[in-house]
Amino acid sequence: MADRSYVEPDYQIPGSPARAVRILVVGVTGSGKSTFVSQATGRDVGIGHDGDSCTQVCKSYYIPHDIDRTQFELIDTPGFDDPHKRDFDVLKDISESLDGVSGVVYCHPITDTKLIGDSKLNLEIIKAMCGRRFYNRIVICSTMWDTFRENVTHQQLEKHRTRMEHLLGTGLRDLMEEGAKYMEFQAEKSDSYLSILQSFSSLRFPPKMAILEQLSRRRNVQDTDSGQVIEEEHKRREAEGNHRQQASLKARDAEHKNAPKKQQQDYDYGGRDSRHAYASAKTRDLEQKASPWKFW
């Protein structure tokens, strides 16, 4: 269940000029979601380190000032790769926080130059959750620039940017073609969040997200498109695990099967070596007896 401790029932702060624009902040565990929310809201929201998540449930935070005369509410979310929660539980938690969401900030660490494993899974779930009609309300936000800025040259930074551009044209291409935006979030700059949120300030009357439409037809979370992405990934990983286990068992069986033969080979080699050593010693003895020289 989402934590609504900071949210009014109508998603509006007393004194704010209008309903707040609700923005969902998503990404893999440790991608900088909470850092983004913390900088934008000025709150200590708890930030994980070394891939460990501090965000266990969805939490909503208001930005205490208007941006372009717009009030914003940011929803911090756990990642689908969170080791402490089942992916289906994370999906259910997020789905209960989606009413009235106008946009999505998708946090992608600049150090991840490929979409594989958990990064790919998170993205596919989010895409299925939003639906294509919502793609133009997604901002792909590269993060973690501050983690290596002091240790790299300008050329290396540009190399990371080039790799990100390549990713935007490959793994993220379908989002970009449907109107998604790309922006950098640099945590060491105190106002880096501003331009990202300004891109949402004019958005009103968002289309319904795909998962909400599917849930309104009384489908379970597991039966939604996002749920099916999770289910298929679980099946794939289970099959992969079974395959590795079977390969390990076959290798062990083959080792046991070949053990007697190896022992016989070792015995044969050992016996041959012993016989060879004995023969060599006898030859030396005979040669010494036959020699006319004596050593005193």
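Let's start inside the protein: the residues lining its largest cavity divide into four nonpolar, two polar and two charged. For that split, Ala, Val, Leu, Ile, Met, Phe, Trp, Tyr, Cys and Pro count as nonpolar, Asp, Glu, Lys and Arg as charged, and the others, Gly among them, as polar.

Before going on, a word on what you're looking at. This is a predicted model, where local features need pLDDT of at least 70 and side-chain atom pairs count only at pLDDT 80 or more, while totals for chains, interfaces and linings use all residues. Residues are numbered from 1 along each chain as its sequence is written, and side-chain values use heavy atoms, leaving out hydrogens and water.

**Cavity and pocket**

The search works on a 1 Å grid over the protein atoms alone: a cavity is a set of points where a 1.4 Å probe fits but cannot get out, a pocket is an open set with protein on both sides within 12 Å along at least five of seven lines, and lining residues have an atom within 4 Å of a point. Grid points are joined across faces, edges and corners, and a volume is the space filled by probe spheres set on the points. Across the whole structure, one cavity of 30 Å³ or more turns up.

| Space | Volume | Lining split |
|---|---|---|
| Largest cavity | about 30 Å³ | four nonpolar, two polar, two charged |
| Second largest pocket | about 170 Å³ | six nonpolar, two polar, three charged |

Around the second largest pocket, with about 170 Å³ of space, sit eleven lining residues, and R19, A20, G100, S102 and R204 are the closest to its centre. The largest cavity has N136, R137, I138, V139, K181, S199, F200 and L203 as its lining.

**How sure is the predictor?**

pLDDT is the predictor's confidence in each residue, from 0 to 100. The chain averages 82, and 77% of the residues score at least 70. Confidence peaks in helix α5 (residues 173–177) at a mean of 97 and is lowest in helix α8 (residues 225–290), at 71. Over residues 1–17, pLDDT stays under 50.

**The fold**

Helices (H or I, at least four residues) and strands (E, at least two) are DSSP runs, numbered from the N terminus. You'll find eight helices and six strands in the chain. Of its 296 residues, 40% are buried, meaning under 20% relative accessible area with a 1.4 Å probe, protein chains only.

Strand β4 (residues 101–109) is mostly covered, with nine of its nine residues buried. Two strands pair if DSSP finds at least two bridges between them. Strand β1 (residues 21–27) runs parallel to β4, joined by six bridges, and L24 has V104 as its bridge partner in β4. β4 also pairs with strand β5 (residues 138–143), again in the parallel sense over six bridges; there, H108 has S142 as its partner in β5.

Now for L74, which is part of strand β3 (residues 72–76). Why does L74 count as buried? Because its relative accessibility is 0%. Contacts (heavy atoms within 4.5 Å) beyond four places in sequence link L74 to residues including I23, V25, F36 and L197. The C-alpha atoms of L74 and R22 are 6.0 Å apart, although 52 residues separate them along the chain.

Helix α2 (residues 87–95) has seven of its nine residues buried, so it is largely enclosed by the rest of the structure. Among those buried residues are F88, V90 and L91.

Methods: Buried < 20%, exposed > 50% of the residue type's maximum accessible area, 1.4 Å probe, protein only.
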